[in-house]
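Grab a pencil and try each exercise before you peek at its solution. Keep the viewer open while you work.

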Amino acid sequence: MKCWYTRNIVPIFRERCEALFMINLGMVKGSFYRKSLILVLIITCLPVTLISIGLYYTGSDRIVNELNKAHQIQLKQSIQRLDDYLSHLELYSAQLGFNPGFDISLTEIDFHQQFQRTDELLRSLALMQNSNPLISSVALYLKDSNKVIGDDSGVRTLSDEAERKLFQSLLDPNKGIYWIHSIHPVHLPDMARHGVIIKLPGGTQKEAYGAFIIYINQSALNNMVQKLTSGAGVAFLMDHQDRQVTDSSNTEGIRGLEEELRDYVRNDNLLENTFVYEWQGESFSVSYGKLSRLGDEFTYISATPLSQIMAPVSAMVRTILLVSTFGLFMALLLSWFASRRIYHPIRRLTKVFQSFKDGEPVANDELAYIERQWQRQLEQSEQLYRKVKQSIPSLREGFMLQLLEGHLYYLSDKELAGKMKELDWDTENKQFAYVAVQLSGMSSYDAASEKDKQLISFAAANIIEELCSSSRELFHVINFQDLSIGLFLIVDGSTDPIEIKEKLTKLANDFISALNKVLRMNVTIVISRTSRHIGELPELAAQTRQALRYREIDPCNQLIDMDDFLLAGHQPVRFPFELEREIVHAFSIGMEEETLERISRFMQALQKESSTELIVHQGMMKLLGSMWDAVLKSGANPYILYQGEDLYEQLQAIREPGEMLDWFRNKLVAPFIQSLSPSCDPELKAAIDQLLLRIREEVQSDISLEGYAEQMQMSPYKLSRAFKQITGENYVDYVTRLRIDKCKELLLKTDLKINDIAEMLRYQPSHLIRLFKKSEGMTPGQFRKRHSS
């Protein structure tokens, strides 16, 4: 902390001393003044002059080279973007050619009668148009039906013989995908565009029955190519026949440059693709290259004026000259100014101390006066030092929270060590460890509030801090206010890691014993691995706190070593999907008791598979998602039903199994069941009554709730809920009971075998016997024998 004095008091003192330069301008000047002026002029002006000359002659060339490199890099990036767009268009075209959705069955479509298929086809073409910025529109040509289908032109029949031959000629080239320089849309015969032809089917092995025609967005292509240059430069694209694909400018002068560059690149065998070209007294940096895409070879040419590239250099040179001149002028001025203020340092010091608010008058002995004032400043700095010392705990708390949360990621280990040294932590040749403590069993406290959790967390942090005080190691306790505490430890670097683990394990057992005794709560403690790098602490803390989720959810004390935990691995967990479906079904039709009982069994099944908190909690979160889906399907408004509460966030904060079950009962199930109160709608009751008659008549038919729901034009959920509300019995139990009654009737009145009866009732014989025994307590054969008399 002594360094704080150097950083704070000394700069203030220096600032006050510099203020003395403004005092006593009228002193008599002697030889010392002249000599000091000459010396200061040499010291200040000579370096400025040398630096200015060096910057002018060396900095300009380097800046020119760097700007040229930057221009070439930017140009390569623009070319790569253009190539990426063309590559994406080529890949998309290849996918269209082999898309099974556009097979030969398209030739058999009656576009006027099959309206839905036609609409789907037009929608697909519209989606294709938006898939790539280079696509202006997409059309599908079918040879046999002689039709062209377009997203903007609709379905059109080629009535003109010239048009028919034009589109048929598109299928002639022995290529599956190829570039066409000029083709007009069928509804715009005067507007020729560039295009890409994709024959159907893809490849060249089979005879084509049609083709996709992708019309290129000329404006988008021009903009992409124009990005290869800037300002007054030009950039354009040519195909393999040297026909210009893009138009960079409408200016005749620029067009002349384009024609000269095209002829120059075509006729000269250039060894490099970058050269300087003189045109109308101006130099241009020209770059060109070839792109093989879409079944064609394209040549791009970009020309940028060298004056535009080097414009920043001119400005920089002028700036260097201006700064150098200003620096030289300031050196002269400061030299003159400093030489006038170099006299009478003692007097300047006395002026500084007199300028203080509580400064005393100057005595005869100026040196003694300065000494007294200096001592006074030292006393004030010591007082400030003690105040800072008292605030160190809160500073440590804030620093550790920032460090462990990963907010200081930009600092190196050396910088972090320096900051910790300022907080009186010696981290040289040390090892670091992190211990996470989690309290559980809060559900045993009746009506425990969030404030109670904070009080318990505060008490636990104090107990841990008191137990650590007896240790010689440096430590810091962090209270997260949510029944979890973090402990940061600094251990001697020469200590063996095994010995450190033994000390931490003993300390953790002491924590468990004390917290059990005082707070009567279960404790889970995770001990991290040790590290010699401060920068690894956020990762250690995150891993350690994450490992708390793998604690055994059963009420018990647990001690987890991260070294053993990372090596142990975890077995796969089977999720009780069948039980989840039963819960969702009972929940959807308003069976509250059955829903709660199955949720309890669901949690027991999860705990049986894996008793870790993470697996159980994730399973309950998945169950919540399924039940939430059932709420949405029921037609209820979740926002009104649950008063706008975030159920996922609430469940995420719960760690205890008992609390989870209470939460499902009170927060999720109860409000939904209450919203399913019996309806007094007489029409719905009459519909259910008529349904009961139909079921009795059709009990031997293959009947289902979904079939009846479709006939009654309502959802299965709504019908099932109304059936349960009005009859007091769910649909499946009702149909089963009717069929069991019918089975008893057939057993007593006929000699049919059980297999025949099962077939009449739409059951498998084994399933019917099991249902019958469950209902009557005996098998069908036993029933017939007992009642045969």
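Below are some exercises on this predicted model, each with a worked solution.

**Exercise 1. Find out how confident the predictor is across the protein, and where confidence is lowest and highest.**

Solution. Start with the overall score: the protein averages a pLDDT of 76, and 80% of the residues score at least 70. Next, look at the extremes. Confidence is lowest in helix H1 (residues 2-18), with a mean of 42, and highest in helix H27 (residues 754-760), at 89. Finally, check the start of the chain: pLDDT stays under 50 over residues 1-32, and for that stretch the model has 50 contacts beyond four places in sequence.

**Exercise 2. Work out the strand order of the open sheet of 6 strands, and say which strands stand at its edges.**

Solution. Step one is the order, which reads E3-E2-E1-E6-E5-E4, with antiparallel pairing. Step two is the edges: strand E3 (154-157) and strand E4 (177-183) each have a single partner strand, so one side of each is left without a neighbour in the sheet. Going from one strand to the next, the twist averages 25 degrees.

Step three is to zoom in on one pair. Strand E5 (residues 193-200) and strand E6 (residues 210-216) run antiparallel and are joined by 6 bridges. To spot one of these pairings, take Leu200: its bridge partner in E6 is Gly210.

Last, see what packs on the sheet. Helix H4 (residues 161-169) does, touching strand E1 (135-142), strand E2 (147-150), E4 and E6. The direction of H4 makes about 100 degrees with that of E1.

**Exercise 3. Follow the chain through E8, E9 and E10, and find a residue with positive phi in each hairpin.**

Solution. Begin with strand E8 (residues 274-279) and strand E9 (residues 282-293), which pair in the antiparallel sense over 6 bridges. Tyr277 has Phe284 in E9 as its bridge partner. The hairpin of E8 and E9 has 2 residues between the strands, and Gln280 takes a positive phi there, near 55 degrees.

Now move on to the next hairpin. E9 pairs with strand E10 (residues 296-305) over 10 bridges, in the antiparallel sense. Here Ser292 has Glu297 in E10 as its bridge partner. E9 and E10 have 2 residues between them, and Leu294 in the turn has a positive phi of about 60 degrees.

**Exercise 4. Decide whether strand E11 is mostly covered or mostly uncovered, then name strands that pair with E11.**

Solution. Count the buried residues: in strand E11 (residues 430-440), that is 10 of its 11 residues, so the strand is mostly covered, taking buried as under 20% relative accessible area. Then look at the pairing. E11 and E13 pair in the antiparallel sense over 9 bridges, and Phe432 has Ile490 in E13 as its bridge partner. E11 also runs antiparallel to strand E14 (residues 522-527), with 6 bridges joining them. There, Val435 has Ile527 in E14 as its bridge partner.

**Exercise 5. Sort Thr495, Gln481 and Gln643 into buried, partly exposed and exposed.**

Solution. You'll need the cut-offs: buried is under 20% relative accessible area, exposed is over 50%, and partly exposed is in between.

- Thr495 has 13%, so this residue is buried. Thr495 is in the loop between strand E13 (484-492) and helix H14 (497-519), and touches Gln431 and Ile500, not counting residues up to four places away in sequence.
- Gln481 has 36%, so this residue is partly exposed. Gln481 lies in the loop between strand E12 (474-479) and E13, and has a positive phi of about 65 degrees although it is not a glycine.
- Gln643 has 67%, so this residue is exposed. Gln643 sits in the loop between helix H20 (638-641) and helix H21 (647-652), with a positive phi near 55 degrees.

**Exercise 6. Describe how H17 and H19 pack.**

Solution. Two packed helices are described by the angle and the distance between their axes. For helix H17 (residues 577-588) and helix H19 (residues 613-633), the angle is about 35 degrees and the axes are 10 Å apart. H17 passes H19 in a right-handed crossing.

Now list who meets whom. From H17 come Phe577, Glu580, Ile583, Val584, Phe587 and Ser588; from H19 come Lys622, Leu623, Ser626, Met627, Ala630 and Val631. Sorted by class, the contact has 8 nonpolar, 2 polar and 2 charged residues.

Conventions
Residues numbered from 1 in each chain as written. Predicted model: local features only at pLDDT ≥ 70, side-chain atom pairs only at ≥ 80, totals over all residues. Heavy atoms only, no water. Pairing = 2+ DSSP bridges. Helix = DSSP H or I, 4+ residues; strand = E, 2+ residues; numbered from the N terminus. Axes fitted to C-alpha atoms, helices over the stretch in contact; angles between N-to-C directions. Contact = heavy atoms within 4.5 Å. Buried < 20%, exposed > 50% of the residue type's maximum accessible area, 1.4 Å probe, protein only. pLDDT = per-residue confidence, 0-100. Left-handed = near helix turned anticlockwise from the far one by under 90°. Nonpolar A, V, L, I, M, F, W, Y, C, P; charged D, E, K, R; others polar.
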